[in-house]
Amino acid sequence: MVASEVQIEGGQYCFFVFVLLLVRYLPPVAGSMSSQAVKLRVDDNYVVMDNGILEVYLSKKGGFISAIQYNGVDNLLEVLNEAHDRGYWDIVWNEADSTGTTGIYERVVGTSYKVIVQNDEQLEISFTKTWDRSSMEEKQSPLNIDIRYVMLRNSCGLYCYSIFEHRKEWPAFNVPQIRMVFKLRKEKFNYMAIADNKQRLMPVPDDRLPTRGRTLVPPEAVLLVDPIEPHFKGEVDDKYQYSSNNKDIKVHGWISSKSETNPAMGFWVIIPTNEFQSGGPLKQNLTSHVGPISLAMFLSSHYAGEDVVMRVQRNESWKKVFGPIFIYLNTSSENQVQPSLWKDAKDQMSKEVQSWPYDFPASGDFHKSHQRGSVYGTLKVQDRFISDHQILAEGAYIGLAPPGEPGSWQTECKGYQFWTQTNKRGFFSINNIHSGNYNLYAWIPGFIGDYCNNVVLTIKPGNKVNVGEIVYEAPRNGPTLWEIGIPDRTAAEFYVPDPNPNYINTLYLNHPDRFRQHGLWERYADLYPNEDLIYTVGHSDYTKHWFFAHVTRKRDDGTYHGTTWQIKFKLHNVQKNGTYKLRLALAAVNFSQLQVRVNNPKEDPPMFTSGLIGKDNAIARHGIHGLYRLYNIDVSSHLLVKDDNIIYLTQTIANGPFQGIMYDYIRLEAPPSHK
């Protein structure tokens, strides 16, 4: 197919036929292409970035993304909203003596802008917010914030990143949340995709209004009573039903409806790495939800509570780069637009991941590839009651995070983290690590506890650090007498009941993530109306008989009561003067107190009490894990008897439906001399 092959009388080339052929052979799914150089336009109200594929309008006063023009549509963002309420950065913060995960809401306003890079290939714009003492009266966070937008030639999207800085002489403060928000046009975007098996047509915001929906508990959940589209009637909508782990949030977004005149379009948030997100790879965060809204969450307290609130002290200097993330746009002429646009978005995500770290950000605070180092080695596990030899740690999660205690990476939110998984031989290579000081952390599916090396690793530009063979000695005192669950840091293997048919999300019917359904905590009282759960070792099956969450019970009078679960087991003999070990690995806890008793349900004080622990709120937010906790409890042999024994697990605090515990794994070990 070339123009010279198509001729008309007089030897002239038929240009219009060439164009038709060209259109015919264009890929059906694509972010568009253009040979135009990147251009900058500035008027009284906007700074406009234009590369011939899309135009992005940034408000001169604030640095908000007010419009994105693409594929003949004047604005993909919600035109019914004010210009500052379409695409923006925001932060939730409070003063240092405050507690909790809420605070002062602040939309980041860039008070001045500057062109950082401008040439045919790239345009980078900076909007800055600076802090001084007078800002305290305006309730502004004590931060300098530099918001950057980058547009590249022939790129179907926009890169966004920011640099947050706190100077040592500034006041101390706390930060529960930092994010970027995109609000799309509700009359265009109606199909949401966040994973291969999490895609669906979505309700509209009007369906959540009191005139059409009924607010449930928690209030983020709304029962759709009279939705605009009748097929949504009877469903529950809740943004937390679409949360994911950081490691899995790489691309998510929305697809517009297709018409005879307008092809379908996709709007995607691509996060090429989670190195700048708080809480490590297992931290859960919001993605996209009804609005239509798409988020890039950099710091949040969701599924963890106050433990992951960033606390910046007085006399502490802190600076961090969040991003870049990539806002990718694509369009499709295929009949099955959702699969094609989603596949194309995933392909683009893979390209972004392979390109990390980017070489184009102009900020000196963003570390390029040559400013980074790497760490490699082999991880093994030692558990002498499983094997006399060290075990290759296949599929282990291993990473670098700022120095701390074992497991502290879960709540680390000031620095950067770099994670990978080991291969079948236990080998790992962690690449593109910021210069700095780190500990090496790991956890291994199938084994309890956390690994942390006791040596600080200093990474310098170009360094390739070989840590050699490292061995994790898994917690173990004696042979396993019995165990419940799988040590994988979630409660996913336990019994998750069917939802109340009056409160369903059709996406999660017969879905691996069925725990995302609303109101599952109430099903415990339905299953155990009068007596609590009893699990008999050797007879019960934890996939059928161990409820996924140890919750409170609601009585007929509306009050809530604590619950006591029993684990019944037999011992053929009891070693005199020996110490048994009970391992309790918890996947999530919310405002709970766990008490453990052996063979005496009224023992006072109990053999073990945790005290008040946890603010994960994973039960209410449809999670299957929060922060991991491990308790290693000594059980004196005088508490045990030959033959029948019972361990009582009591969750004592009962002020509402969401206090509770998710267990990861429970194991009873005999004294070591049983080996």
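Two strands count as paired if DSSP finds at least two bridges between them. The model used in these exercises is predicted.

**Exercise 1. The partners of β12**

Task: Find which strands pair with β12, and in which sense.

Solution.
Step 1. Apply the cut-off of at least two bridges.
Step 2. Take β23, residues 293-299. Six bridges join this strand to β12, and the two run antiparallel. One facing pair is V181 and L295.
Step 3. Take β6, residues 87-95. Eight bridges link β6 and β12, again in the antiparallel sense. Here V181 of β12 stands opposite Y88.
Step 4. Take β24, residues 310-312. Three bridges tie β24 to β12, antiparallel. N174 has R311 of β24 as its bridge partner.
Result: β6, β24 and β23 each pair with β12 in the antiparallel sense.

**Exercise 2. Cover on β12 and the setting of K183**

Task: Decide whether K183 is buried or exposed, and identify its side-chain polar contact.

Solution.
Step 1. Locate the residue. K183 belongs to β12, residues 173-183.
Step 2. Check the strand. Of the 11 residues in β12, 11 are buried, and the strand is mostly covered.
Step 3. Check the residue. The relative accessible area of K183 is 18%. Buried means under 20%, so K183 is buried.
Step 4. Look for the contact. The side chains of K183 and D85 are joined by a polar contact of 2.8 Å.

**Exercise 3. The contacts of E106**

Task: State how E106 is covered and which residues its side chain reaches.

Solution.
Step 1. E106 sits in β7, residues 104-107.
Step 2. Its relative accessible area is 8%. The cut-off for buried is under 20%, so E106 is buried.
Step 3. A side-chain to side-chain polar contact of 3.1 Å links E106 with W93.
Step 4. A polar atom of the E106 side chain also lies 2.8 Å from the backbone nitrogen of S141.

**Exercise 4. An enclosed strand**

Task: Explain why β19 is described as largely enclosed, and name strands that pair with it.

Solution.
Step 1. Count buried residues. In β19, residues 251-256, six of the six are buried, so the rest of the structure largely encloses this strand.
Step 2. Look at β13, residues 189-195. Four bridges pair β13 with β19 in the antiparallel sense. F189 has S256 as its bridge partner in β19.
Step 3. Look at β20, residues 264-270. Five bridges join β20 and β19, running antiparallel. V251 stands opposite I270.

**Exercise 5. Edges of a three-stranded sheet**

Task: Work out which strands stand at the edges of the open sheet β15-β16-β17.

Solution.
Step 1. Read the order. The sheet is open, has three strands in the order β15-β16-β17, and its pairing is antiparallel.
Step 2. Find strands with a single partner. These are β15 (213-215) and β17 (236-237), so each has one side without a neighbour in the sheet.
Step 3. Examine one pairing. Two bridges join β16, residues 222-224, to β17. L223 has V236 of β17 as its bridge partner.

**Exercise 6. A nonpolar surface patch**

Task: Name the residues of the patch and classify V115 by accessibility.

Solution.
Step 1. The nonpolar patch consists of V42, Y113 and V115, with about 210 Å² of accessible area together.
Step 2. V115 lies in β8, residues 112-118.
Step 3. The relative accessibility of V115 is 31%, so this residue counts as partly exposed.

**Exercise 7. Backbone geometry**

Task: Locate the cis peptide bonds at P292 and P324, and the positive phi values of N599 and N617.

Solution.
Step 1. Recall the background. Most peptide bonds are trans, and most residues other than glycine have a negative phi.
Step 2. The bond from G291 to P292 is cis, with omega near -5°. P292 is in the loop between β22 and β23.
Step 3. The bond joining G323 and P324 is also cis, with omega about 5°. P324 lies within β25, residues 318-332.
Step 4. N599 has phi near 65°. Its place is the loop between β41 and β42. At 29% relative accessibility, N599 is partly exposed.
Step 5. N617 has phi near 55°. Its loop runs between β42 and β43.

Conventions: Residues numbered from 1 in each chain as written. Predicted model: local features only at pLDDT ≥ 70, side-chain atom pairs only at ≥ 80, totals over all residues. Heavy atoms only, no water. Patch = residues over 30% accessible without salt bridge, like charges linked within 9 Å, V, L, I, M, F, W, Y side chains within 5 Å. Areas by Shrake-Rupley, 256 points an atom, 1.4 Å probe, with all protein chains shown as cover. Salt bridge = Lys/Arg side-chain N within 4 Å of Asp/Glu carboxyl O. Buried < 20%, exposed > 50% of the residue type's maximum accessible area, 1.4 Å probe, protein only. Polar contact = N/O pair within 3.5 Å; in protein donor to acceptor, adjacent residues only side chain to side chain.
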